[in-house]
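Subject: Structure handover and notes

Dear colleague,

I am passing on the structure we spoke about, together with my notes on what was found in it. Please open the coordinates alongside this message, since the notes go residue by residue in places.

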Amino acid sequence: MTVMLSPEEWSALTLSFRVGVCAVAASLPPAILVAYALARWTTSRNWLPRATRLALQLVVDLPLVLPPVVTGYLLLLCLVPGGPIGLLLKRVCGVQILFTWWAAAIASAVVSFPLLVRTIRLAFQNIDPRLELAARGLGAGPIDAFFSISLPLAYQGVIAGAVLAFARSLGEFGATIMVLGSMEGRRTIPLAIYSLTNRPGGLEQCWRLVLISVLLACFALAASEWLERRQYHRELA
Amino acid sequence: MSWLELDCRHRYPAGLEIDVAFRAEHQVVGVFGPSGSGKTSLLSMIAGVLRPDEGQIVLAGQPLLDTRRGIALAPAQRRVGMLFQDHLLFPHLSVEGNLRYGLSRRRSTEPPVDFARVVQVLELRELLARPPRSLSGGEKQRVALARALLSGPRALLLDEPLTALDQPLKQRILVYLERVLSQWRIPTLLVSHVAADLRRLAEWTIVIDQGRVVAGGPPAEVLADEIEPEKSWNESR
Amino acid sequence: MMLAAIAITGCHSAQSPEQKQAAPAEPKHSQEVTLFAAASTQNTITAIVHEFERLNPDVKVLASLESSAAAAEKIARGAPADVFLSASRQWADFLADKALVTEQHELLGNALVAIERVDAPWHVGNPQDLKNNDIVHIAIADPESVPAGIYAKQALVKLELWDELADKMVAGNDVRHALTMVETGAAEAGIVYSTDAAISDKVKTAFPFDRELTEPIVYPLVLTRQGAKNSAATEFYHFLQSSSVAVVFRQSGFRVQQKSGVQ
């Protein structure tokens with residue numbers, strides 16, 4: 001029993017990090033936008049904005065409750081060469097991303113998006129919307145007010161959400177296996193663990209990856225909890 | 001020559017119906033009425049943060065709103081300085097950051113405002129580096145007033161600037177307010193439900209009740225019969 | 001007990017009434033048999049279990065269908081199992097090494113085939129065609145842990161194609177997943193068992209792999225030490241080897257290796 005990681009474990013670890021970082025980085029801007037819309041867009045009397053908001057909320061939250069395998073399957077159908085996204089990418093960029101780590105990043109992004117949006121939305125909801133009105137009265141346009149007031153005030157919530165989404169992405173299995181597969185040298189941490197457990201004596205070999213997963217998850221949860229609390233305390237001040 | 005002409009109607013889903021029309025000719029015009037009578041709504045319409053169902057608002061000859069002609073200026077373009085009851089200082093900026101927020105967003109065509117003079121008149125030099133949460137209520141009030149002044153407003157909208165303060169503090173803020181009003185001579189709407197404050201500061205007062213203007217005239221006349229607890233303090237005659 | 005009267009759905013002719021080794025005494029009490037079986041046998045084994053229960057109303061078969069690896073790990077860790085139908089020798093041997101096996105017999109054989117979609121505009125006629133540019137991805141099961149994937153890799157290595165095709169290979173977490181990849185068009189070709197190719201009407205067999213390219217593709221049937229003490233389990237173990245059941249397995253595309261006289 002050596003504590004050193006095998007090349008296979010290293011590749012799983014680095015792939016997981018790369019996928020997680022890209023997934024979070026790419027989904028952060030749209031998540032902030034959606035979270036802000038959901039947080040502010042609450043008071044309308046008309047049915048159309050209310051229905052739109054409900055639909056948006058539903059679409060965003062769906063991956064939270066759908067079995068990840070189903071999310072993965074739907075993604076697969078979109079990404080296959082004949083699928084809507086697959087066809088577009090092939091025509092426009094001439095690339096096929098199915099079974100590459102890009103596809104895994106997309107799967108992670110989709111699955112962790114609801115967590116990201118929820119955390120950021122809470123951060124925005126904790127901010128007095130009149131602060132933005134005050135900013136606009138002082139000469140700031142709506143976009144200016146958002147970037148100079150709301151976003152800086154919500155930034156701890158944004159980071160907490162990003163950490164949480166990153167952790168979720170590290171743990172992603174169901175959707176990832178659908179679009180990445182489980183090929184040697186191309187497995188994320190959960191895929192590597194799953195593959196190892198299917199080999200004779202593999203259960204004993206995967207303890208290092210299991211340990212790493214548990215530690216990363218604990219760290220991420222603690223960090224995001226701490227950040228959210230700080231955000232909350234600051235709002236009280 | 002009136003600096004403000006207003007004629008607006010707005011109905012809240014909860015029931016209150018506002019139907020106000022008046023002209024402001026004096027520099028400091030008081031708006032008197034019990035809470036829930038529509039005073040804050042009136043200021044919000046002028047500031048552009050509440051869009052009335054229909055009506056017109058003309059400030060210094062420029063239409064801010066005309067629902068029939070489809071005119072509705074964004075809050076940032078109206079250049080009115082609104083002072084909220086609870087100050088709404090930006091919690092993530094220092095006092096100086098708050099003061100410079102509006103200053104840096106003024107258009108170059110507008111007349112300059114002397115930062116040093118505002119800081120001096122409102123005695124803010126010692127506070128510049130501090131975060132808003134460390135300020136007392138009176139200090140916050142002065143910072144908010146300075147911030148509004150520094151945005152170069154064509155009119156000041158003061159929403160119950162004295163209500164949250166205890167008596168000794170209120171006396172000191174009154175002094176500051178009088179100083180600002182006399183030094184900069186900015187047209188001002190002063191909302192209050194305390195007759196004594198209006199008698200001291202306003203040259204003209206309208207009285208609002210249940211969304212309608214019920215009286216208008218010199219404070220000493222229209223407020224003469226008002227019964228209000230502050231009278232017992234007997235401090236301002 | 002009239003095993004000769006067996007009539008499992010589907011067509012098959014009259015049975016020779018030869019299987020009488022089972023059921024010496026009529027079981028009076030309700031008995032249970034715990035079966036672990038490889039996921040790739042799912043459709044077939046379920047039908048067979050139903051038939052056995054119909055013939056033996058007082059016996060309940062608790063069937064657990066999952067990957068052989070998961071099943072073997074559970075049995076090794078003390079899960080109660082009487083009969084285990086493994087998808088590869090490796091997992092039967094794994095249990096035998098732990099002295100958990102009383103008896104085993106390589107019941108079923110399978111074959112490896114290349115598949116493509118029925119509507120594919122290309123045709124893969126032999127292993128060399130897998131190198132064509134049309135074939136962007138080749139789906140197999142996990143080549144390190146799943147038997148079907150291990151065999152597929154063995155065959156391609158033997159053909160000296162593995163290294164060349166390595167970048168095209170994509171792996172599912174089991175053989176049915178590899179099948180799905182081809183069905184959805186995610187992979188242009190795949191390598192699966194002939195039994196899997198047979199259950200999908202979206203794919204067709206492109207070509208079969210020679211049997212010599214892989215180690216024997218067999219499904220050992222294992223009677224565990226615990227199962228040997230359970231008369232109903234022993235009976236079920238032998239039932240699975242009967243010629244009437246063999247017909248059912250053959251209908252699904254398995255080769256059946258009839259046992260000759262081992263008791």
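I begin with a single residue, Gln104(C), which lies in strand E4 of chain C; please keep in mind throughout that this is a predicted model. Is Gln104(C) buried or exposed? It counts as buried, because it has 20 C-beta neighbours inside 10 Å and the cut-off for a buried residue is 20 or more. Leaving aside residues up to four places away in sequence, Gln104(C) touches Ala92(C), Pro220(C), Leu221(C), Val222(C) and Leu223(C). There is also a longer link along the chain to note, in that the C-alpha atoms of Gln104(C) and Leu240(C) are separated by 12 Å, although their positions lie 136 residues apart in the sense that they are that far apart along the chain.

The strand that holds Gln104(C) leads on to the sheet of chain C. Strand E4 (residues 101–109) of chain C runs antiparallel to strand E10 (residues 218–224) of chain C, and 7 bridges join the two. Within this pairing, His105(C) has Leu221(C) of E10(C) as its bridge partner. The sheet as a whole is open and has 6 strands in chain C, in the order E2-E1-E3-E10-E4-E11 and with mixed pairing. Strand E2 (59–66) and strand E11 (255–256) of chain C are its edge strands, each pairing on one side only. Helix H9 (residues 231–239) of chain C packs on this sheet, where it touches E2, E10, strand E1 (31–38) and strand E3 (83–85) of chain C, and its direction makes about 40° with that of E1(C).

Phe236(C) deserves a look of its own, since it touches Val33(C), Phe52(C), Val61(C) and Val83(C), again not counting residues up to four places away in sequence. Phe236(C) is also among the residues with the most contacts inside the largest nonpolar core, which has 209 residues; the others named there are Ala103(A), Ile120(A), Val179(A), Leu157(B), Leu189(B) and Val192(C). Helix H5 (residues 101–125) of chain A gives the largest share of this core, 16 residues. As background, nonpolar side chains tend to be buried together in soluble globular proteins.

Turning to chain A, we find 11 helices and 0 strands. Its C-alpha trace spans about 65 × 45 × 30 Å along the principal axes, and 46% of its 237 residues count as buried. If one takes the contacts in chain A between residues at least 6 apart in sequence, 74% of them join residues at least 24 apart.

How do the chains meet, and which pair has the most contacts? Of the 2 pairs of chains that touch, A and C have the most contacts between them, with 20 residues of chain C in contact with 20 residues of chain A. On the side of chain C that touches chain A, helix H2 (68–76), helix H3 (89–97) and strand E7 (169–172) of chain C each supply at least two residues, and E7(C) gives the most, with 4 residues. By class, that side of chain C has 9 nonpolar, 8 polar and 3 charged residues.

Chain A also meets chain B, through 17 residues of chain A in contact with 20 residues of chain B. Helix H6 (129–137) and helix H7 (142–170) of chain A each supply at least two residues of the side that touches chain B, and the largest share, 7 residues, comes from H6(A). This side of chain A has 10 nonpolar, 3 polar and 4 charged residues. Chain B and chain C, by contrast, do not touch, and their nearest C-alpha atoms are 50 Å apart.

Finally, chain B holds two hairpins that may be worth inspecting. Strand E4 (residues 54–59) and strand E5 (residues 62–66) of chain B run antiparallel and are joined by 4 bridges, with Leu59(B) opposite Gln62(B); this hairpin has 2 residues between the strands, and Ala60(B) takes a positive phi near 50° there. E5(B) also pairs with strand E6 (residues 71–72) of chain B in the antiparallel sense, over 2 bridges, and here Leu65(B) stands opposite Ala72(B). In this hairpin, with 4 residues between the strands, Gly70(B) takes a positive phi near 70°.

With kind regards

Terms used
Residues are numbered from 1 along each chain as its sequence is written. Chains are lettered from A and ligands numbered from 1 in the order in which they are written. This is a predicted model: local features need pLDDT of at least 70, side-chain atom pairs count only at pLDDT 80 or more; totals for chains, interfaces and linings use all residues. Two residues are in contact if their C-beta atoms, placed from the backbone, lie within 7 Å. Ala, Val, Leu, Ile, Met, Phe, Trp, Tyr, Cys and Pro count as nonpolar, Asp, Glu, Lys and Arg as charged, and the others, Gly among them, as polar. Two strands pair if DSSP finds at least two bridges between them. Axes are lines fitted to C-alpha atoms, for helices over the stretch in contact, and angles run from 0 to 180 degrees between N-to-C directions. A nonpolar core is a set of buried Ala, Val, Leu, Ile, Met, Phe, Trp, Tyr and Cys residues joined through C-beta atoms within 7 Å. A residue is buried if 20 or more other C-beta atoms lie within 10 Å of its own, exposed if 12 or fewer, and partly exposed in between; C-beta atoms are placed from the backbone.
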